Amino acid sequence: MAGTAHRTMNHYEALDVASDASQESIRTAYRAAVLRLHPDKVASQTGQKDWQRTAEFLRVQQAWEVLKDTHRRAAYNQLLVAQALQKELAVSAEVDLDDMLCHDNPIVALCTFTYPCRCGSSFTLSEADLSEDSDSALVQCQNCSLAIRVLYTVQPASSA
Ligand SMILES: [Zn+2]
């Protein structure tokens, strides 16, 4: 039996659908996978348990639990994007937003933060890119593949 490389499958790969597949295609793919992989079904066909298919069935089941729910799916997509970014970019440092220089942009009355990169260029982050839902942002150098993680806290807008 040929050895198979162990690699973590993401939920889309488990269901064999594109990452931008519609909810309907995901449902269809899930149903097809259940018909093919359900342990009871496999046992009745072959008269024995097929552990590889059982494992695949569990993976499909987990994927479905996340992807069937549009909110969980959206959160999962963000996680995948973040993971892909982290793999791609060499994060060279964590920088506190307070340590970045603020250049006022008079047009929009917001800061553009900059931080020097060792290549001589700089990392820039607009105040508008900060999200209340997050506490850090990955910023890539304008000139090279280095990136920094900027840590920040967004103060909730006060009703002054
Ligand atoms: Zn650079």
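**Close-ups of a predicted two-domain model**

**View 1. Cys141 at the zinc ion.** Cys141 is buried, and its relative accessible area comes out at 5%. Keep in mind that everything shown here comes from a predicted model. Which atoms hold the zinc ion? The sulfur atoms (SG) of Cys117, Cys119, Cys141 and Cys144 coordinate the zinc ion, at 2.3 Å. The site is tetrahedral, with angles of 106 to 117° among the four donor atoms. For reference, the ideal angle for four tetrahedral donors is 109.5 degrees. If you'd like to pick the donors out of the sequence, look for the spacing C-x1-C-x21-C-x2-C.

**View 2. Two zinc donors, Cys117 and Cys119, and how much of each is accessible.** Both residues give an SG atom to the zinc ion. Is Cys117 buried or exposed? Cys117 has a relative accessible area of just 8%, so it goes down as buried, the cut-off being under 20%. Cys119 reaches 36%, which puts this donor in the partly exposed class, between the 20% and 50% limits. So a buried Cys117 and a partly exposed Cys119 serve the zinc ion together.

**View 3. Ser122, a strand residue in contact with zinc donors.** Ser122 sits in strand 4, which covers residues 122–126. Ser122 is buried, at 18% relative accessible area. What does Ser122 touch, once its neighbours within four places in sequence are set aside? The list is Tyr115, Pro116, Cys117, Cys141 and Gln142. Two names there should ring a bell: Cys117 and Cys141 are among the residues that coordinate the zinc ion.

**View 4. The disulfide between Cys102 and Cys111.** How many disulfides turn up in a search of the whole structure? One. Cys102 and Cys111 form the bond, and their sulfur atoms lie 1.7 Å apart. A disulfide, as you'll know, is a covalent bond between the sulfur atoms of two cysteines. The link between Cys102 and Cys111 is left-handed, with -75° about the S-S bond. As for the two ends, Cys102 counts as partly exposed at 35% relative accessibility, whereas Cys111 counts as buried at 12%.

**View 5. Thr114 and its polar contact with His103.** Find Thr114 in strand 3, residues 110–116. Thr114 is buried, with 17% relative accessible area. Which side chain makes a polar contact with the side chain of Thr114? That partner is His103, and the pair is 2.9 Å apart. Beyond four places in sequence, Thr114 is in contact with Met100, Leu101, His103, Phe123 and Thr124.

**View 6. The loop between helix 1 and helix 2, with Ala21 and Asp16.** This loop runs between helix 1 (11–15) and helix 2 (23–37), and Ala21 belongs to it. Asp16 lies in the loop as well. The two residues land in opposite classes: Ala21 is buried, with 12% relative accessible area, while Asp16 counts as exposed at 70%. Not counting residues up to four places away in sequence, Ala21 touches Ile26 and Arg73. The backbone of Asp16 deserves a look too, since most residues other than glycine have a negative phi. Asp16 isn't a glycine, yet its phi is positive, at about 55°.

**View 7. Gly47 in the loop between helix 3 and helix 4.** Helix 3 (39–46) and helix 4 (51–67) are joined by the loop that holds Gly47. Gly47 is exposed, with a relative accessible area of 66%. Where is Tyr30 relative to Gly47? The two are 17 residues apart in sequence, and their C-alpha atoms are 24 Å apart in space.

**View 8. Arg72 in helix 5, and the distance to His103.** Arg72 is part of helix 5, residues 70–88. Arg72 counts as partly exposed, at 43% relative accessibility. With residues up to four places away left out, Arg72 touches Glu65 and Val66. How far is Arg72 from His103 in space? C-alpha to C-alpha, the gap is 37 Å, with their positions 31 residues apart in sequence counted as a separation. The domain assignment gives domain 1 (11–88) and domain 2 (91–151). The centres of domain 1 and domain 2, taken over C-alpha atoms, are separated by 37 Å.

Definitions and conventions. Residues numbered from 1 in each chain as written. Predicted model: local features only at pLDDT ≥ 70, side-chain atom pairs only at ≥ 80, totals over all residues. Heavy atoms only, no water. Helix = DSSP H or I, 4+ residues; strand = E, 2+ residues; numbered from the N terminus. Buried < 20%, exposed > 50% of the residue type's maximum accessible area, 1.4 Å probe, protein only. Polar contact = N/O pair within 3.5 Å; in protein donor to acceptor, adjacent residues only side chain to side chain. Contact = heavy atoms within 4.5 Å. Domains from an automatic or database assignment. Donors = N, O, S within 2.8 Å, 3.2 Å for Na, K, Ca; no water. Tetrahedral: all angles 85-135°; square planar, octahedral: opposite > 155°, others 65-115°. Disulfide = S-S within 2.5 Å.
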